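Hi everyone, thanks for making time for this one. Let me put the sequence and the structure up, and then we can walk through them together.

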Amino acid sequence: MAEGNYSIVSEFVFLGLTEKPELQLPLFLLFLVIYIVTLLGNLGMVMLILFSPHLHIPMYFFLSNLSFIDLCQSSVIIPKMLEKFIIVKSVISFAECMAQFYLFDVFAVSECHMLAAMACDRYVAICNPLLYNVTMSYKVCSWMVAAVYSVGLICATGETVCLLRLLFCKAEDINHYFCDLLPLLEQSCSSTFINEVVALSFSSLNVIVPALNILSSYIFIMATILRIPSTEGRSKAFSTCSSHILAVAVFFGSLTFMYLQPSSVSSMDQGKVSSVFYTIVVPMLNPLIYSLRNKDVKVAFYKIVGRR
């Protein structure tokens, strides 16, 4: 494009999930309720684990960090999304958009690897129970969590730096409810080849590698569970994993649909629906899944309520 033939975009306008006026209020109320449940559920889970001594074990250490990630990710995305439902033109500055994308990327990548770390914890607990306290010591768990956040920061920094080198000079409208990578690339009038390569590489690293880690862990876990002679023992071992399997399936399923599909197959409207699952629904469901299906968490909750 010839120089001087374009103006640089300094702000973006979200088109949101839908532009139908009759759906704005119902969707606002729906996602407001989801956000409140997400905040209460995840903050409650963090506080419950913090103040319950019998939950101070590796499994719940990882779960508290997962709740923290979900709490932060939903707070990065949902408030601006709610704004679009109640005002006609939801505007975000270029700097705020880059900041939102960076924070979203940090927490999304961190969640992928946190789920993988939780699968490793379950593998050691079920397949090598006698070595569990040694293998999953507080020091080891702390290093694993630090590594999870480090990968999130490194990947988000790399993708954001690549975004900052682009010129955005097309229409300011973003066909999405937050500053995600693919709708931002559509607004660029620069070559996005490097961004697409980096995005595909990071998506493969942060989706396929943790997914394979989780899959291999659960293959060994299921083989071990099937060798347990008593039905009660098998049921107890499987119950500690079933919540994690459900959370992993929903999160990685929607993430794969969004980022690892060929562009010829996917559409932005399909992508918006898919992204609702891993940015909004999953952070709400995680504390419900892990609390409703977990006896230790329910016992800790009743103890605290009883003391109150």
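Let me start with a question: in which helix does Ile86 lie? The answer is helix H2, which covers residues 58-86. Before going on, a word on what we are looking at. This is a predicted model, where local features need pLDDT of at least 70 and side-chain atom pairs count only at pLDDT 80 or more, while totals for chains, interfaces and linings use all residues. Residues are numbered from 1 along each chain as its sequence is written, and side-chain values use heavy atoms, with hydrogens and water left out.

Back to Ile86, then. At 56% relative accessibility it counts as exposed; here exposed means over 50% relative accessible area, buried means under 20%, and partly exposed is in between, with a 1.4 Å probe and protein chains only. Its C-alpha atom is separated by 7.3 Å from that of Leu25, although the two are 61 residues apart along the chain.

Now the overall picture. The protein has 10 helices and three strands, where helices (H or I, at least four residues) and strands (E, at least two) are DSSP runs numbered from the N terminus. In order from the N terminus, the elements run β-α-α-β-α-α-α-β-α-α-α-α-α. The radius of gyration is 21 Å, close to the 19 Å that the globule rule gives for 308 residues, so the protein is as compact as a globular protein of that length. For that comparison, the radius is taken over C-alpha atoms and the rule is 2.2 Å times the number of residues to the power 0.38. The C-alpha atoms fill a box of roughly 75 × 40 × 35 Å along the principal axes. Of the 308 residues, 47% count as buried.

What does the record say? The unreviewed UniProt entry annotates "transmembrane region" at residues 27-51, 146-168, 207-226, 238-261 and 273-292; these positions are in the numbering used here, feature names are shortened, and annotations may be inferred rather than shown by experiment. In the model, residues 27-51 are 96% helix and 0% strand, with the end C-alpha atoms 36 Å apart. Residues 146-168 are 83% helix and 0% strand, and there the end C-alpha atoms are 35 Å apart.

Let me show you two buried residues in helices. Glu111 sits in helix H3, residues 94-127, and is buried with a relative accessible area of 0%. Leaving out residues up to four places away in sequence, Glu111 touches Leu66, Ile69, Asp70, Phe251, Val282 and Asn286, a contact being heavy atoms within 4.5 Å. Pro283 is in helix H9, residues 268-292, and is also buried, at 0%. With the same sequence neighbours set aside, the residues that Pro283 touches include Thr38, Asn42, Asp70 and Gln73. So Asp70 turns up in both lists.

Finally, the strand side. Is Val13, in strand E1 (residues 11-14), buried or exposed? At 6% relative accessibility, Val13 counts as buried. Beyond its neighbours within four places in sequence, Val13 is in contact with Lys89, Ser90, Val91, Glu172, Asp173 and Ile174. Its C-alpha atom is separated by 53 Å from that of Asn128, 115 residues apart along the chain. That's my tour, and I'm happy to rotate the view for anyone.
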